[in-house]
Every structure is written in structure tokens, then in C-alpha cells.
Amino acid sequence: MLANNGIIIVLSLLLAVIASIMPMPLDVDAFRPDWVLIVLIYWSLALPSRVNVVTAWVTGFILDVLLGSTLGVHAAAMALSVYIAAVNFQKIRNFSLWQQALIVGVLAALYHLLVFWMQRLLTDVVFLPSYLYPVLTSIVLWPWVFLLLRKVRRHFKIS
Amino acid sequence: MNPIFKHGPSPQHRLAFVLMLSAALVFFDHRMGSFEGVRGYLQSLVSPLQYMANTPKQLMTWAAENLITRKQLIEENQALKINELNYQQQMMELEIVKKENERLRSLLASPLRSDTKKMVAEILSVDSDPYTHQLVINRGANDGVYEGQAVIDEQGIVGQILHVGTTSSRVILITDVTHAVPVRVSRNGTRLVANGAGRIERLSHAHVPHSADVQSGDLLVTSGLGGKYPEGYPVSQVILVRKDESRPFAQVLSKPVAQIDKLRYLLLLWPNKPTSIFAPKPSEKSTNQNDKVENQVKGATNASE
């Protein structure tokens with residue numbers, strides 16, 4: 001994992017984790033994009049041999065600890081969403097940036113619904129449409145993150 | 001290089017493995033609660049991340065506090081002085097009332113209330129997860145924080161300590177769906193339970209009979225039943241009472257008096273003696289064992305009286 005500048009991958013994941021727990025005003029907070037999911041999807045598309053379902057699960061577990069949710073909830077949702085991207089990486093790579101963004105949106109929606117369903121099983125939470133707002137911001141964010149991370153990957157020659 | 005032939009288990013196997021791991025974790029964490037101790041260590045492990053995530057906000061606060069004109073400072077100072085004068089005057093009154101109350105209580109042979117130890121804590125982070133209402137504060141086991149400890153702000157009850165790390169700990173807010181506070185109406189003492197509704201500005205009250213004397217605008221204070229929260233701190237204000245006879249119970253909603261979305265500093269309370277027999281033991285991590293024994297002895301003498 002750490003060979004060939006793999007530390008950059010870990011650093012980008014850590015930054016994404018920090019961005020997803022950074023305190024924000026309440027109104028903006030509902031629109032917080034899924035930083036971790038986007039970064040994980042990028043690496044699993046670009047380097048499927050290095051970033052895989054297990055990486056996603058471990059990152060999701062850290063997120064679980066940080067968010068104080070029941071351990072394993074975000075981890076499972078993250079692993080499942082990244083699995084779908086990782087299995088179809090050859091197809092998704094050939095799509096244009098905006099088509100990829102839509103797929104990321106679908107995966108983000110799946111991620112949020114999975115987390116909601118699991119929370120629903122454990123406690124009686126009620127669904128609010130605002131739980132899916134992050135999907136919109138994630139779609140908008142994907143092209144920028146993709147271009148930035150591709151630049152980073154080429155600059156550090158991560159393979 | 002990307003290998004043409006992949007090594008290691010296939011993605012399907014990996015997925016099945018991690019999903020089973022997740023299911024096991026969820027089961028042991030949620031149903032059995034076997035991670036309560038481990039959570040503390042995990043919390044300490046990730047607290048550097050939380051401190052890091054908090055830096056931008058702290059920089060902003062620092063800038064906002066330092067980039068201020070002299071005039072603003074003088075105005076603020078004056079306002080604070082006036083406030084302090086008011087509070088001093090109220091303190092004097094309170095002192096007299098407190099003495100009087102103690103005298104009356106001793107006349108009634110009921111146990112005296114003693115001052116509680118307090119500590120100010122600052123908020124490190126608020127959870128972005130919409131399903132849980134929790135936040136992290138910068139006090140931990142090193143400061144003597146214990147699980148189940150009451151947390152208040154200047155207006156009222158905020159929540160209680162959920163997990164304790166070494167330098168930080170996690171607070172569950174009263175608005176979390178899994179949280180409930182025993183309260184009473186301060187006007188007449190009717191007992192209710194305030195359940196979190198998963199929304200910042202809402203608490204719900206289940207199983208309120210139609211005959212209960214609850215009106216919109218009533219202040220609800222902690223009743224001290226259950227032993228987690230000390231008695232008499234404001235919790236919420238009733239905003240809606242709907243007595244529809246076709247339903248089995250009256251519908252009562254209230255709004256927390258603590259400004260839960262605008263918190264910055266919190267106060268941790270250490271009750272000197274358990275408020276009820278169900279009260280949590282003083283933290284086992286605390287070093288002074290004598291204190292604990294003393295408490296128990298005190299409790300025993302109180303009971304014998």
C-alpha cells in the first residue's frame with residue numbers, strides 16, 4: 001500500500017476524513033459533500049489493485065468512530081458503494097466526466113440510503129429529504145476532485 | 001505496474017468478508033454494548049484528527065476575536081459590567097434564599113443540597129451525521145469526566161457524556177432519537193419524559209394523558225428521577241399541546257431552552273452525592289478512592305436517617 005508514493009493515497013484519504021468532520025454552520029452542513037466516498041471512488045477507479053473494498057471499509061470504520069455512529073454502519077455502506085465502482089472500473093473509466101459524475105451521484109445516493117436503512121433498523125430515525133442533499137454537491141464536486149487527484153497521481157507517479 | 005492477473009482474494013470475497021465483519025460489529029456494538037470500553041480508546045486514538053479538523057474554525061474565531069475595534073471592545077465591556085452588576089445583585093438574593101432553604105430543609109429533616117463541582121469545556125466538533133446528535137468536547141478522563149455525566153450550557157441541559165477518551169469525550173444531546181430526559185413541569189410538578197426527536201428544535205413527550213395539566217409555554221425542568229441529571233435544571237419549553245380525544249394520548253411538543261445549534265462552551269457537573277439510588281458510581285478512573293468510600297458511607301447514613 002505504501003510503496004510507490006502510496007503515502008499520498010493515505011494522505012488524501014485523511015484529508016477527506018478531516019473535511020467530512022470539519023465543523024460548519026448548520027445550513028451549509030446539510031449540503032456537505034461525501035468527501036471520503038468521492039476520494040475512495042477515484043482511487044478505486046484509477047488504481048483498483050491498490051485501493052479496494054477493504055481500504056473503503058477501514059476508512060468507513062474510522063468515520064464511524066469519528067461520527068459516533070454504531071460501529072460498522074458507515075463501514076459497510078462505504079464498502080458496498082466502492083465495491084460497485086471497483087467491479088465496474090473498466091466501464092466507468094471510459095465514460096465522460098459528466099457521466100462519471102452522475103454515476104458518483106447514484107453511488108452517493110446508495111451510500112446515504114444504506115446508512116439510513118441500517119440506522120432505521122437500529123433506531124427509529126425518520127427519513128428527511130435533506131439526507132440526500134449531499135448527493136447534489138457530490139455530483140458537482142466530482143469533476144474537480146477527479147482532475148485534481150489525477151494531477152496529483154501523475155505528479156507523484158503513483159501506480 | 002498494474003498486474004494483468006490479480007493476486008489475492010476476489011472483490012466478491014473481500015466484500016463478503018467486510019460485510020460479515022460489519023454485521024458482527026453492529027451486533028456487538030448495538031445489541032451487546034461490548035464496545036463501550038474500546039470506544040474510549042478509539043476516541044483517544046482519533047482525537048488528533050478532531051483537533052486538526054477544528055483548527056480552521058479556531059483560526060476564524062481567533063481572527064474574529066482579534067480583529068475588533070477599540071470602540072466595540074469598550075461597548076462590550078460596558079454591557080458586561082452592567083450584566084455583572086445585575087448578576088451580583090441576584091447572587092446576593094440567591095445567597096439569602098439558599099440559606100433560608102437550607103434552614104427549612106433542616107427543619108424538615110430532608111438532606112441538604114450541597115454545591116456541585118463544575119468545569120468549563122469547549123466544543124471540539126459537532127457531528128455531521130444527521131442520524132445522531134452528538135458532539136465532542138475537549139475534556140476527558142484526565143479531567144475526571146465520567147460516563148453519564150450531565151452537561152449544561154448557560155441556559156439549560158444540553159446532554160450527557162456518552163464515551164470518555166483520555167483528552168476528549170463525546171456528548172449525546174437531548175435531541176438525539178435514542179435519548180430521553182425525565183422532566184417535570186416547573187409550574188405544577190407533573191412528570192413527563194422528554195424524548196429526542198432527531199431535530200435540533202424539537203423534543204417530544206410520549207404517553208401524556210389527556211387530563212395532564214400541561215400548557216403551551218410551560219417550562220420543563222429536570223426531575224432528578226433516573227439519577228443521571230441533577231434536579232431542577234431547565235430542559236425545554238412546551239410549544240404545542242394537542243388534546244385530540246380520538247387519540248389515546250395527548251400530543252405534547254417542546255423546544256429545548258439550551259441553544260443546541262449555537263453551543264461553544266459547556267459546563268460539566270459533578271454532583272457531590274448521588275441524587276437517587278440509581279445514580280452512577282463516581283468514575284472508577286478517578287484516583288481518590290477515599291472520596292468514593294466517603295460517598296457510600298454518606299449515602300448509607302442518609303438512608304438510615
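Helices here are DSSP runs of H or I with at least four residues, and strands are runs of E with at least two.

**View 1. The stretch at residues 131–149 of chain A, in a predicted model.** With that definition in hand, residues 131–149 of chain A come out as 89% helix and 0% strand. The C-alpha atoms at the two ends of this stretch sit 27 Å apart. UniProt, in an unreviewed entry, lists these residues under "transmembrane region", along with 6–23, 65–89 and 101–119 of chain A.

**View 2. Residues 6–23 of chain A, another stretch on that UniProt list.** Here too the span is 89% helix and 0% strand, and its end C-alpha atoms lie 28 Å apart.

**View 3. Helix H1 meets helix H4 in chain A.** H1(A) covers residues 6–21 and H4(A) covers residues 53–67; their axes come within 11 Å and cross at roughly 30°. That angle is why H1(A) counts as roughly parallel to H4(A), the cut-off being under 35 degrees. The crossing is right-handed. On the H1(A) side you'll find A:Leu13, A:Val17, A:Ser20 and A:Ile21, and these meet A:Thr59, A:Ile62, A:Leu63 and A:Leu66 of H4(A). Sorted by class, the contact has 6 nonpolar residues, 2 polar ones and no charged ones.

**View 4. Where chain A touches chain B.** On each side 38 residues take part: 38 of chain A are in contact with 38 of chain B. The chain A elements that give two or more residues to this side are H1, H2, H4, H5 (73–87) and H7 (97–122). Of the chain A residues touching chain B, 25 are nonpolar, 10 polar and 3 charged. For the model as a whole, ipTM is 0.83 and pTM is 0.74.

**View 5. The coiled-coil annotation on chain B.** An unreviewed UniProt entry lists residues 70–107 of chain B as "coiled-coil region". In the model this stretch is 100% helix and 0% strand, with its end C-alpha atoms 54 Å apart.

**View 6. How confident the predictor is, chain by chain.** Chain A averages a pLDDT of 89, and 98% of its residues score at least 70. Among the elements of chain A, H3 (residues 35–46) has the highest mean pLDDT, 94, while H2 (residues 26–29) has the lowest, 79. Chain B has a mean pLDDT of 81, with 84% of its residues at 70 or more. Two stretches of chain B to take with a pinch of salt: residues 275–279 have pLDDT below 50, with 11 contacts beyond near neighbours in sequence, and residues 282–305 are also below 50, with 13 such contacts.

Key. Residues are numbered from 1 along each chain as its sequence is written. Chains are lettered from A and ligands numbered from 1 in the order in which they are written. This is a predicted model: local features need pLDDT of at least 70, side-chain atom pairs count only at pLDDT 80 or more; totals for chains, interfaces and linings use all residues. Axes are lines fitted to C-alpha atoms, for helices over the stretch in contact, and angles run from 0 to 180 degrees between N-to-C directions. Angles under 35 degrees count as roughly parallel, over 145 as roughly antiparallel, 65 to 115 as roughly perpendicular and the rest as oblique. A crossing is left-handed if the near helix is turned anticlockwise from the far one by less than a right angle, and right-handed if clockwise. Two residues are in contact if their C-beta atoms, placed from the backbone, lie within 7 Å. Ala, Val, Leu, Ile, Met, Phe, Trp, Tyr, Cys and Pro count as nonpolar, Asp, Glu, Lys and Arg as charged, and the others, Gly among them, as polar. UniProt positions are given in the numbering used here, feature names are shortened, and annotations may be inferred rather than shown by experiment. pLDDT is the predictor's confidence in each residue, from 0 to 100.
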